[in-house]
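User: Please take a close look at the nonpolar core in this structure. Then work outward from there.

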Amino acid sequence: MDPHPDLTASVIRGLGWFYLLMAAMNAFWTIRVFKTGTYYESVAGFKHIPKAAPWAIFTALLFMVGAVQVRFDSDPADFVLKLPVVFKDLVDVVIANPISYFALSMVIFVAMIWLRRWWTKPTVAWILLNFAMLFLCVSMTDYDFRQIVGKPDNVPIVGMLFLVGFFTWLYFSKSVENDRRIAAGEPKIEDEQSEQVLVWPDLVYTEMICMLLLTALLIAWGIALQAPLEEPASAVKTPNPSKAPWYFLGLQEMLVYYDPWMAGVVLPSVILVGLMAIPYIDFNPKGNGYYTFDERKFSIITFLFGFLPLWVGMIVLGTFIRGPNWNMFGPYEYWDVHKLEVLNNIDLSQMFWVDWLGKPLPKPDPNASFWMQAGTIILREWLGFALILGYLFLLPPLLAVTVFRKFFIKMGFLRFMVLANLILLMGALPLKMALRWAFTLKYIVSIPEWFFNI
Amino acid sequence: MADKKLTTEEILALARKGGVAPKPTAESPATEESVGASPSEAPAKPAAAKPSSTADILAAARAGGTSAAAPKASPAAKPGSTADILAAARAGKAGGAAAPAKPQTGGEGVKKAPVAAKSVGDRPSVADMVKAAREGAPTAVPAAKPKLPAKPVLPGKKAAEESTRRSFFAEAVTFVTEPFMAAWIAMGAIGAIWGLAVARFMMPNMIVEPPTKFKIGPESDYPPGTVSTKWKAERGIWVVNTDQYNGKQLIYALLSVCTHLGCTPNWLEGEQKFKCPCHGSGFYITGINFEGPAPRPLERVGIRVAPDGSLEVDKSVKFQEELGQWGDAASFVEMA
């Protein structure tokens, strides 16, 4: 018998409860839609169909599926509600490749902003939530997916992804509504609300209910999922893969592309200092105390780009996709320790001297004086130095006269330079990733003699 | 009679016997005069003695009703006990009503006074103090130093005096079980345990680092084209025998520390590479980095053939390829 069966009867029964939960959620949704009393004028010849009807059918379907699965006791091999292999293979190919993974995350990011008026509609958002839950549910029938998503470490991360989605939706739905009102000259949502809230009973009751629910959740969590303890630590045995805590997986992903000195010290410091600098850089007085997107497009897109694809996206990548030997694995792929990924990469100096000029790499003479060695090293790495210096010192003025012309005029020299450098440093991460994938470039400046690599 | 003080026990006994608050001692002049309801009469009392306690002053203050009268009235009042205070307080009810200042407060204070006085014995209750302060007698309060009633002779003490004929052992037990001594002994014991713990802390529970020089057996243990991982767990090195570095058959020892961030890579026999599980750095069998973020090759440590013919590794010296140190004869052993 297969030691890792895709499906067991208990998994199917567990998923049954999940479908029942979805049915309950959709039952509420059906009632909500029914209460609005809206109708389709004509559907396939039938007149005057309530809009709640399709939701009622969907709910009934979910209920039946859930009810059947909860009482499932025949052979799991006969179970049909699972993903087709073709789909799994396709997803694996797309996700396990860093280029398509990041391309996909960028597509989603752009679509999220582009289609914000559409996907923040309650019905659309509800359908998207249903899709996400169904996807999770159907994917759970796969053994490898279940292993990685169901790991006690990772379950809360799955929950947090739904939270990130919810809060992003909340922001966009409020700002879309506000932007519409501002354009129409109507008062904003916040203007219509009272600025004061009663502490007693409103706030205190809300806090108490939150406290009770959270305590209940923590107790259930503590009982259901065991703390993921591993074997005693050993200096010679590093777990494979060796993962940082989830909130550091973005940094760990950066370390794949940068020297520890850069990814571990410089870039995290820049992130922190840059976040602290936002109030000093952001000269836009709008959006203060109310939700808006149109009035501060640049700052919100910049922030969300740094947060969603570069931070959350890399946490997802590190949590679910990185496997043994830090290779990328699709969500339905077996974690094969011997998966072979060709990652040979070379430094820019190697490319320049060996590949383009056909000369050997200038090698510092170990017997020469320090300054002679330094000269040789800088000659070896001159192209990388030139690129880095140009990136950090030539691009900002260039941006000031082209793309960011208006910003430069409004902000003044100092604030603009800080902004430009922060944006360039943020952009350095995806740029370096793209260079690694496209040209197998390891380091732009590579001076292992001095532990200095960029 | 007025000089005589009563202990709490005596007061209680009296209270049980008589059942009425005013006691023989409580028949103080203050009571009668206050009933006369004339605050101005208070100063007229002869100052027989100093006020004996805050309680006295407070009682007098109540009886007097005005701050001016209080200090002078108290010497005359001279109540020695709770009963006196109570009596005075009751008397003050009338006086308070007559007094121009805050008659309401006075009435309340009187109602509370008996309860509070009962609970605290012969000291004034907080309510009393507050009331006195409200009525403007703060100057009197700090001046008065409460004199504690004479300590009753406890039966235990008497027993101790009589026990001169008891054995040394019994003496010792009595001495040790006295709460004061027991506390000192407990503290001493805890201090001693703590001292032992500190002493133990000076000898940490650590593993002594193995010597940096150690023998790893003859060359024949490491056949050509292999990576031996048998010293990895214990000493953190791989012993490699290969001809891929410069065409010569070399035996060398690589430190099993990734040059990227210091994780321990694994030797993958099938792929013929060292692969780090943390960020995916890969190294050839020669130790040269070729994939992932590792910026430089793995480090070699010293190796030589010891006089007895076995290989000896010296981890105290390191050889880095990027510094041109792999040419050093101490970093490898060439097979014959």
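Analyst: The core comes before the helices, the sheet and the backbone details.

This is a predicted model, in which local features need pLDDT of at least 70, side-chain atom pairs count only at pLDDT 80 or more, and totals for chains, interfaces and linings use all residues. Residues are numbered from 1 along each chain as its sequence is written, while chains are lettered from A and ligands numbered from 1 in the order in which they are written.

Start with the terms. A residue is buried if 20 or more other C-beta atoms lie within 10 Å of its own, exposed if 12 or fewer, and partly exposed in between, with C-beta atoms placed from the backbone. A nonpolar core is a set of buried Ala, Val, Leu, Ile, Met, Phe, Trp, Tyr and Cys residues joined through C-beta atoms within 7 Å. Helices (H or I, at least four residues) and strands (E, at least two) are DSSP runs, numbered from the N terminus.

The largest nonpolar core has 56 residues. V239(B), I251(B), Y252(B), A253(B) and I303(B) touch the most other members. Chain A gives two or more residues from each of α11 (249–257), α12 (260–281), α13 (297–321) and α18 (413–439). Chain B does so from β3 (237–242), β4 (250–255), β9 (300–305) and β10 (311–319). The most comes from α13(A), with seven residues. Another core lies apart from this one. That second core has 11 residues, including I12(A), M22(A), C137(A) and F145(A).

Now take Y252(B). Two residues are in contact if their C-beta atoms, placed from the backbone, lie within 7 Å. Leaving aside neighbours within four places in sequence, Y252(B) contacts V240(B), R300(B), I303(B), S331(B) and F332(B).

In chain A, M262(A) sits in helix α12. M262(A) is buried, with 22 other C-beta atoms within 10 Å. Beyond residues up to four places away, M262(A) touches L267(A) and I454(A). The C-alpha atoms of M262(A) and I454(A) are 7.0 Å apart, yet the two residues are 192 apart in sequence.

Helix α11 of chain B gives another picture. This helix covers residues 179–201, 23 residues in total. From first C-alpha to last, α11(B) reaches 33 Å, close to the 33 Å expected at 1.5 Å a residue. The expected span is 1.5 Å times one less than the number of residues. The number of buried residues in α11(B) is zero, so the helix lies largely in the open.

Next, a sheet in chain B. Four strands form an open sheet in the order β5-β6-β7-β8, with antiparallel pairing. Strands pair if DSSP finds at least two bridges between them. At the edges, β5 (266–268) and β8 (289–291) of chain B each pair on one side only. Between β6 (residues 273–275) and β7 (residues 282–283) of chain B there are two bridges. K275(B) stands opposite G282(B) in β7(B).

The loop between β5 and β6 of chain B holds Q272(B). Its phi is positive, about 55 degrees, although Q272(B) is not a glycine. Q272(B) counts as partly exposed, with 13 C-beta neighbours inside 10 Å.

T440(A), also not a glycine, has a positive phi near 45 degrees. T440(A) lies in the loop between α18 and β3 (446–447) of chain A. With 14 C-beta neighbours inside 10 Å, T440(A) counts as partly exposed.

Finally, cis peptide bonds. One joins W200(A) and P201(A), with omega about 5 degrees. P201(A) lies in helix α10 (residues 199–224) of chain A. Another joins N240(A) and P241(A), with omega about 0 degrees. P241(A) is in the loop between α10 and α11 of chain A.
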